[in-house]
Structure formats: C-alpha cells, structure tokens
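Student: Could you pick one part of this protein and take me through it slowly? I'd like to see how its pieces fit with what surrounds them.

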Amino acid sequence: MASGGRGADGYAYNFCAGPATLPRSVMRRVREEFAAHADDGTSIVEISHKSPRFTALLESTVARFRELCGIPDGHHVLFVHGGARMQCSAVPLNLVSRSPSRTSGYVETGFFARQARTEGARYGTAAVIASSADTCFDRIPPVHPEDCPPDAAYVHLTSNNTVYGTRWHSFPRGLPAPLVADATSDVLSRRLDFSRFGVVYAGFQKNLGPSSLALVVIRDDLLGHALPGTPLLLDYAVYAGSRSLHNTPNTFALFVLSLVLDWVREQGGLEAVERANQDKADLLYRELDRSAFYRPTAHPGHRSVTNITFRLPDAPATADFLRRAEAEGLRGLAGHRSVGGVRASVYNGMPPAGVRALAGFLREYERTRG
C-alpha cells in the first residue's frame with residue numbers, strides 16, 4: 001500500500017482515544033513559547049501559580065472558555081485535580097446530600113458511564129434509570145422522567161461514549177433533578193447548552209490539552225453541599241472560593257489550554273469547529289457504510305462524531321488491519337481493550353488530511369485484502 005499516514009510536517013496521524021492529538025499549530029506554539037523568557041527571566045511553568053503573571057493567564061483562559069462556549073452567568077468554571085475519573089467520586093461527594101435518601105440517577109451507556117455509577121454507589125443509592133446494555137451499548141436509551149427517583153440529587157450521563165462509539169445528540173428534559181454530564185470526549189468539539197446542566201465535567205486529554213486536570217462547570221446553587229468528611233481537594237466549593245488555586249494546579253496544562261482556546265477562536269469558534277468535526281466523521285462513515293466488509297458498531301442514529309468504532313470480518317483480519325495501518329503511520333486505531341475491534345478517535349486536533357488518509361487506507365485495504 002502507498003504510504004499516506006504522515007503529514008507534510010512529518011507527524012504520524014494519531015487516532016488514539018487519549019491522550020490525543022492536539023492541533024499542530026498549538027504544538028508548534030508550545031514548542032516555541034514553553035521556554036520563552038519574559039521580563040523576569042522565567043517561563044510560564046517556572047513561576048508561582050499565584051503570581052500576577054500566571055493569574056492573568058488563568059483569568060483570561062476562563063474568560064475565553066466562557067465566551068467560546070456561552071457559559072451562562074450563575075455557573076463557575078473550575079480546574080480541578082485528578083481528571084474525569086476523579087470527578088466520578090467528586091460528583092456524589094458534592095451533590096448526593098441534596099437528596100434526603102442520598103439517591104441519584106444514572107444513565108448507563110457504556111464503560112465509563114458504568115464506572116461513574118459504580119463510584120456513585122459508594123456514597124448512596126445510584127439508581128439506573130435507563131440503559132442500553134441489552135443491545136451492547138450500541139445506542140442511547142430513551143430516558144423517561146417517571147423512571148427517575150423523585151428525590152434524586154442529580155441524574156448523571158456520559159455525553160459521548162468513547163468505547164462503543166455513541167453520542168447524545170439531544171439531552172433529556174423534564175427530569176426532577178439537575179443533569180450532570182461527563183463530557184470528556186466531546187467538550188469543545190460541539191455546541192452545548194450549558195444552562196441545561198447542573199454540572200459538566202471533562203478530562204483535559206481529548207480536546208483541551210495534556211492529561212491530569214479536569215474542567216468542571218457547575219451551577220452556583222450546587223456548591224456548598226459536600227458530604228461531611230469530603231477531602232478538601234474534592235470539594236468544588238474550595239476550588240470556587242480560590243479561583244482553582246487552593247493549591248498548585250498543573251500550570252503547563254492550563255498554559256496549553258489557553259493556546260487551544262486561541263486556536264478554536266482562530267477557526268471561527270465552536271460553530272466552525274463543530275462543522276469541521278462533522279465533515280470528518282461523515283467522510284469516515286461514508287467509507288465504512290460503502291460495503292459490508294466493515295461493520296460500524298453504533299446504531300446509525302446514535303453514532304459518535306468523535307469516536308468511530310467498527311469491526312472487520314474476523315480477529316485475524318482486525319490484527320492485520322491494525323498492523324498495516326500502524327506501518328502506514330495511522331496510529332492508535334485499536335479498539336478499547338474491553339471490546340476490541342477498531343476505533344478512530346477524531347478529535348478537534350485531527351486534521352482533515354489525517355481523516356482522508358485513513359479513508360484512503362480503508363478503501364485500499366478492502367480492495368487488496370477484502
């Protein structure tokens with residue numbers, strides 16, 4: 001097969017689910033500016049997190065995120081430790097006391113949604129109010145308000161399923177409790193109406209920057225309800241009261257996020273980024289749907305735009321496909337270890353040329369091996 005898996009700049013195309021590809025121009029700016037010395041002779045990652053220079057960076061980053069995403073007044077934007085998985089604990093610790101029976105609702109749509117529910121059950125009753133487990137998580141299940149416990153403190157969902165390749169294209173209405181969303185794999189890739197949610201959280205490592213931090217957008221009235229004994233750095237009110245600076249955050253990750261937000265604005269904002277992501281996904285789905293050789297795993301009406309999952313006829317063909325793709329510079333295409341198959345994660349940073357290269361490889365592999 002003709003090589004086509006590297007860009008003109010020599011980078012391989014990384015389709016890994018995370019840590020994931022960042023925009024090439026952002027990576028160039030990181031390389032150029034990371035060690036750039038300011039008037040005081042230090043780079044941005046060598047100064048105090050409470051210095052005027054760093055707090056100015058942090059405040060401008062929050063302001064840009066609020067502007068780009070349309071964050072409404074009455075919501076805090078926080079940067080918290082531990083990534084998205086730690087928020088599976090932080091959410092019940094901060095919210096479940098709002099229910100007299102310590103009850104919450106969870107929608108099960110896959111691996112990480114189940115992980116969140118399992119953690120929520122450590123602090124109270126985590127009721128499954130809807131699930132697509134009976135169809136191997138190939139779709140988003142309907143959610144009916146009457147299935148939600150009336151005294152639930154919150155209802156948790158995962159907005160995009162990175163493992164099984166499904167996505168919420170619209171969100172439940174009429175629930176008796178605030179919606180909480182794990183938006184790790186699609187935050188900043190599409191427009192979300194944050195006013196619909198009590199909490200939205202997301203790990204950095206897909207569309208925001210390097211791993212280790214999480215973004216949390218929380219409605220003000222949901223602060224201050226932490227269970228007694230909640231660890232200090234799992235209490236959202238501590239972050240809100242200190243502007244996310246109660247202790248030292250990952251300053252490098254926040255520096256990269258500031259560059260990513262600049263990049264989104266340069267693309268024309270979230271509307272333009274969302275259109276570009278849809279175009280990339282459409283190209284791959286057209287190629288996958290063209291014949292029966294490849295079998296997309298998600299129901300057509302519930303497909304993810306950022307995580308495109310599919311299977312080949314058998315395990316040997318899958319192994320051969322992945323080996324040949326790797327040799328062509330198309331990296332990170334193996335499906336999640338729990339399900340196997342193939343997964344192409346096409347986040348903001350994946351250039352259209354990378355998607356075209358993968359589409360060409362799909363066509364050529366079927367022609368020569370199918």
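Tutor: Let's settle one word before we look: two strands count as paired if DSSP finds at least two bridges between them. Also keep in mind that this is a predicted model.

Our starting point is strand S14, which covers residues 342-345. Strand S14 belongs to an open sheet of three strands, in the order S11-S12-S14, and the pairing is antiparallel. The edges of that sheet are S11 (295-296) and S14, each of which pairs on one side only. The middle place in the order goes to S12. Strand S12 spans residues 307-311 and runs antiparallel to S14, with four bridges joining the two. You can find particular partners there: Thr-309 stands opposite Arg-343, and Ile-308 has Ala-344 as its bridge partner.

Now, is S14 covered or open on its two faces? Both faces are covered. Val-342 and Ala-344 point to one side, Arg-343 and Ser-345 to the other, and all four are buried. So the two S14 residues we just matched with partners, Arg-343 and Ala-344, sit on opposite sides of the strand, and buried here means under 20% relative accessible area.

What lies across this sheet? Helix H7, residues 270-289, lies across S11, S12 and S14, and it runs at about 10 degrees to S12. Let's stop at one residue of that helix, Asp-289. Asp-289 has a relative accessible area of 43%, so it is partly exposed, falling between the 20% and 50% cut-offs. Leaving aside neighbours within four places in sequence, Asp-289 is in contact with Pro-296 and Arg-303. Pro-296 brings us back to the sheet, since S11 is made of residues 295-296. Asp-289 and Leu-312 are 23 residues apart along the chain, and their C-alpha atoms are separated by 12 Å.

To place our small sheet in context, let's visit the other open sheet, which has seven strands. Its order is S2-S10-S9-S8-S5-S3-S4, and here the pairing is mixed. The edge strands are S2 (75-81) and S4 (125-131), each pairing on one side only. From one strand to the next, the twist averages 20 degrees. Helix H2 packs on this sheet, where it touches S2 and S10 (213-219), and its direction makes about 125 degrees with that of S2.

For a parallel pair in this sheet, look at S8 (residues 179-182) and S9 (residues 199-203), which pair over three bridges. Within that pair, Asp-182 stands opposite Tyr-201. Both of those residues also turn up in the surroundings of His-156, a residue of strand S5 (residues 155-158). Not counting residues up to four places away in sequence, His-156 touches Gly-105, Tyr-106, Val-107, Ala-116 and Val-180 as well as Asp-182 and Tyr-201. With a relative accessible area of 2%, His-156 is buried.

Over at the edge strand S2 there is Leu-78, which is buried too, at 1% relative accessible area. Its contacts, not counting residues up to four places away in sequence, include Ala-214, Leu-215, Val-216 and Ile-218, whose numbers fall in the S10 range, 213-219. Leu-78 and Ala-237 are 159 residues apart in sequence, yet 9.7 Å apart in space, C-alpha to C-alpha.

Back to H2, because there's a helix pair to see as well. Two packed helices are described by the angle between their axes and the distance between the axes. For H2 (residues 52-69) and H6 (residues 251-267), that gives an angle of about 40 degrees, with the axes 10 Å apart. The two helices are therefore oblique to each other, and H2 passes H6 in a left-handed crossing. On the H2 side, the residues that meet H6 include Phe-54, Leu-57, Leu-58 and Arg-64; on the H6 side, Leu-254, Phe-255, Leu-261 and Asp-262 are among those in the contact. Sorted by kind, the residues of this contact divide into 10 nonpolar, three polar and four charged.

So, to come full circle: H7 lies across the three-stranded sheet where we began, while H2 packs on the seven-stranded one.

Notes. Residues numbered from 1 in each chain as written. Predicted model: local features only at pLDDT ≥ 70, side-chain atom pairs only at ≥ 80, totals over all residues. Heavy atoms only, no water. Buried < 20%, exposed > 50% of the residue type's maximum accessible area, 1.4 Å probe, protein only. Axes fitted to C-alpha atoms, helices over the stretch in contact; angles between N-to-C directions. Parallel < 35°, antiparallel > 145°, perpendicular 65-115°, else oblique. Left-handed = near helix turned anticlockwise from the far one by under 90°. Contact = heavy atoms within 4.5 Å. Nonpolar A, V, L, I, M, F, W, Y, C, P; charged D, E, K, R; others polar.
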